[in-house]
Amino acid sequence: MPELFAYTDGACSGNPGPGGWGVLMRAMDGEKVLKERELNGGEAETTNNRMELLAAISALETLERPSKITVVTDSAYVKNGVTGWIFGWKRNGWKTSNKKPVKNVDLWQRLDEAQARHEVTWEWVKGHAGHPENEKADELARAGMAPFKPKKAQA
């Protein structure tokens, strides 16, 4: 049975500003890559955290059947949120411990629903540290953002 991995990243130019998300999906047999798929997209006005969340959501939503997958993110926000904070938020009616509405609740709820179909292991890696798959996810995220960035004025 191949192992599935999703390397996810988000990017933003300004925060808020134009943003993009990227995902490198891989099916592996040990060290051998069996299949690879790249996903990306973006929005004109968003935040880095929203793009990080959308990358993870897109990775899980693209799987056609329930799967065992490892999602690798460089976002502590996503990793800590989905493996810890989300349980309290759900218990508190999507409010934080100090009774404030959870930021990006629409995406957290979508991520919660997307991961419920799968057996997900979450891993964090340091971003921009030479991790090849994370660098590729970053490249995909920047490509997803490109159509939404304002064109530079001609000199």
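These are my notebook entries on the sheet and the salt bridges of a predicted model.

**Entry 1: the sheet**

I began with the strand order. The model has 5 strands in an open sheet, and I read the order as β3-β2-β1-β4-β5, with mixed pairing. I then looked up the edges: β3 (32-46) and β5 (119-124) each pair on one side only. From one strand to the next I noted an average twist of 20 degrees.

**Entry 2: strand pairs**

I went through the pairs that involve β1 and β4. Strand β1 covers residues 3-12 and strand β2 residues 17-29; I found them antiparallel, with 10 bridges between them. For a register point I took Glu-3, which has Met-28 of β2 opposite.

Next I checked β1 against β4 and noted a parallel pairing over 5 bridges. Here Tyr-7 stands opposite Val-72 in β4. The pairing of β4 with β5 is also listed in my notes as parallel, over 6 bridges. In that pair I located Thr-70 opposite Thr-121 in β5.

**Entry 3: what covers the sheet**

I looked for a helix on the sheet and found α1 (residues 48-61), which touches β1, β2, β3, β4 (68-73) and β5. The direction of α1 makes about 155 degrees with that of β1. I then asked how many residues of β4 are buried. The count is 5 of 6, so I recorded β4 as largely enclosed by the rest of the structure.

**Entry 4: salt bridges, the search**

I searched the whole structure and got 8 salt bridges. I wrote up three of them, starting with the pair between two strands.

**Entry 5: Arg-26 and Glu-36**

The closest N and O atoms of Arg-26 and Glu-36 are 2.4 Å apart, and I logged the pair as a salt bridge. Arg-26 sits in strand β2 and Glu-36 in strand β3, 10 residues apart, and I noted that the pair links distant parts of the chain.

I then asked whether Arg-26 is buried or exposed. Its relative accessible area is 17%, and the cut-off for buried is under 20%, so I entered Arg-26 as buried. For Glu-36 I read a relative accessible area of 40%, which makes this residue partly exposed. I also found that Arg-26, Glu-36 and Glu-133 are linked in a network of salt bridges.

**Entry 6: Glu-61 and Arg-110**

I turned to a pair that joins two helices. The side chains of Glu-61 and Arg-110 form a salt bridge, at 2.9 Å from N to O. I placed Glu-61 in helix α1 and Arg-110 in helix α3 (residues 105-116), 49 residues apart, so this pair too was filed as linking distant parts of the chain. Glu-61 has 38% relative accessibility and counts as partly exposed. Arg-110, with a relative accessible area of 35%, is partly exposed.

**Entry 7: Glu-139 and Lys-136**

The last pair I wrote up lies within one helix. Glu-139 and Lys-136 form a salt bridge, with 3.1 Å between their closest N and O atoms. I located both in helix α4 (residues 132-145), 3 residues apart, about one turn of the helix. I looked up the exposure of each: Glu-139 is partly exposed at 42% relative accessibility, and Lys-136 is partly exposed at 24%.

Technical notes
Residues are numbered from 1 along each chain as its sequence is written. This is a predicted model: local features need pLDDT of at least 70, side-chain atom pairs count only at pLDDT 80 or more; totals for chains, interfaces and linings use all residues. Side-chain values use heavy atoms; hydrogens and water are left out. Two strands pair if DSSP finds at least two bridges between them. Helices (H or I, at least four residues) and strands (E, at least two) are DSSP runs, numbered from the N terminus. Axes are lines fitted to C-alpha atoms, for helices over the stretch in contact, and angles run from 0 to 180 degrees between N-to-C directions. Contact means heavy atoms within 4.5 Å. Buried means under 20% relative accessible area, exposed over 50%, partly exposed in between (1.4 Å probe, protein chains only). A salt bridge is a side-chain nitrogen of Lys or Arg within 4 Å of a carboxyl oxygen of Asp or Glu.
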